[in-house]
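Me: I'm just getting started with protein structures, and I'd like a close look at one part of this one. Could you walk me through a single spot and then show me what surrounds it?

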Amino acid sequence: MAQKTYAGITVDVNEEGYFTTPSQWTREIAIEIAKEEGISLTDQHFDVIEFLRNRHNNGDALSIRSINHSGIIDVKTFYQLFPGAPLKKATKIAGIPKPASCV
Amino acid sequence: MEQDNPVKKVNIICAKGAVEDVYATLVMGNGAVMEGITTNLFFTFFGLDAIVKSRMDKLHTAVVGNPALRLPGGMRMPTLLGIIPGMEAFTSRMMKGEMEKLDIPPVSEFLDLITAGGGKIYACKLAMDMFKFKKEDLSEHVSGILTVGEFYEHAGGVGSHIIFT
């Protein structure tokens with residue numbers, strides 16, 4: 001298993017950089033990963049990250065549709081906050097596994 | 001090798017209007033948008049039903065002439081059962097129920113998601129003329145009505161692929 005150091009903390013990641021131990025995640029770490037992805041995190045980003053982490057902790061599957069129904073942001077804003085591949089980027093920054101969903 | 005030549009753009013053509021045909025296009029298209037791939041969806045012939053407002057959320061799946069269709073439990077659906085009035089609507093409703101459980105949205109909502117992420121939806125001009133549809137009949141998410149030539153212009157570029165579902 002690979003390891004990476006963010007904000008002075010060493011965390012376990014897979015070969016694609018996704019956390020394998022989500023409990024090692026902190027807000028400071030998120031800021032560092034986001035920098036790597038070219039994103040500077042705002043409160044709105046953190047609202048989304050919190051939603052993703054809660055959903056993961058509850059064992060619920062992640063889909064682009066679940067973001068739209070989250071009541072936090074709509075999908076258009078989600079694409080703007082995490083440009084490119086939003087669900088992949090957001091889950092990486094949130095320190096949870098890459099979503100296995102096709103929708 | 002895969003990293004050297006990533007898929008940068010997909011242009012998906014949907015020419016059929018059954019649930020499974022339209023969803024193949026929508027799932028592939030939405031998946032591309034989610035990966036940050038430039039996405040054009042082109043609906044033609046019976047596929048137009050997927051972007052006609054009054055029809056898009058009422059698509060059916062064929063219960064006659066569909067040898068892969070099975071009854072709950074796994075037995076093949078006898079063709080004769082398919083001709084019972086209401087059977088097609090019933091089967092289509094069941095399929096949509098199963099899709100809902102997997103968080104697969106209705107067609108109109110799928111178009112919302114795809115266009116929110118920057119995906120583009122187009123209608124085929126020739127098929128519009130043939131079926132006598134007007135622009136007003138189409139979903140507001142449709143970006144334009146294209147000729148074949150215009151479709152190919154939109155499809156240009158390195159790493160661009162055309163998929164016919």
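Reply: Sure, let's start with one pair of side chains. Lys88(A) and Glu35(B) meet in a salt bridge, with 2.6 Å from N to O. Keep in mind as we go that this is a predicted model.

That pair has company: the rule finds four salt bridges across the interface of chain A and chain B. If you count residue pairs in polar contact between the two chains, with both residues at pLDDT 80 or more, you get seven. Which helices of chain A help build its side of the contact? On the side that touches chain B, α3, α4 and α5 of chain A each supply at least two residues. The one that gives the most is α3(A), with four residues. Sorted by class, that side of chain A has eight nonpolar, five polar and three charged residues.

Now step back to the whole contact. Chain A brings 16 residues to it and chain B brings 17 residues. About 1,300 Å² is buried between the chains, and carbon and sulfur atoms give 55% of that area. Three residues stand out here: Arg65(A), Tyr79(A) and Val103(A) supply 50% of the area that chain A buries against chain B, more than any other three residues.

Let's zoom in on α5(A), the helix that spans residues 86-93. Why can we call it largely enclosed by the rest of the structure? Because seven of its eight residues are buried, and buried here means under 20% relative accessible area. The buried ones are Pro86(A), Leu87(A), Lys89(A), Ala90(A), Thr91(A), Lys92(A) and Ile93(A). What covers them includes α1, α2, α3 and α4 of chain A, together with α1 of chain B. Just after the helix, Gly95(A) takes a positive phi of about 70°.

Over on chain B, have a look at Ile37(B), which is found in the loop between α1 and β2 of that chain. Is Ile37(B) buried or exposed? With a relative accessible area of 17%, Ile37(B) is buried, since the cut-off for buried is under 20%. Leaving out residues up to four places away in sequence, Ile37(B) touches Val7(B), Lys8(B), Lys9(B), Val10(B) and Ala32(B). Here's a nice one about folding the chain back on paper: Ile37(B) and Gly118(B) are 81 residues apart in sequence, and their C-alpha atoms are 9.5 Å apart in space.

Note on methods. Residues numbered from 1 in each chain as written. Chains lettered and ligands numbered in written order. Heavy atoms only, no water. Buried < 20%, exposed > 50% of the residue type's maximum accessible area, 1.4 Å probe, protein only. Contact = heavy atoms within 4.5 Å. Buried area = accessible area lost by both parts, 1.4 Å probe. Salt bridge = Lys/Arg side-chain N within 4 Å of Asp/Glu carboxyl O. Polar contact = N/O pair within 3.5 Å; in protein donor to acceptor, adjacent residues only side chain to side chain. Nonpolar A, V, L, I, M, F, W, Y, C, P; charged D, E, K, R; others polar.
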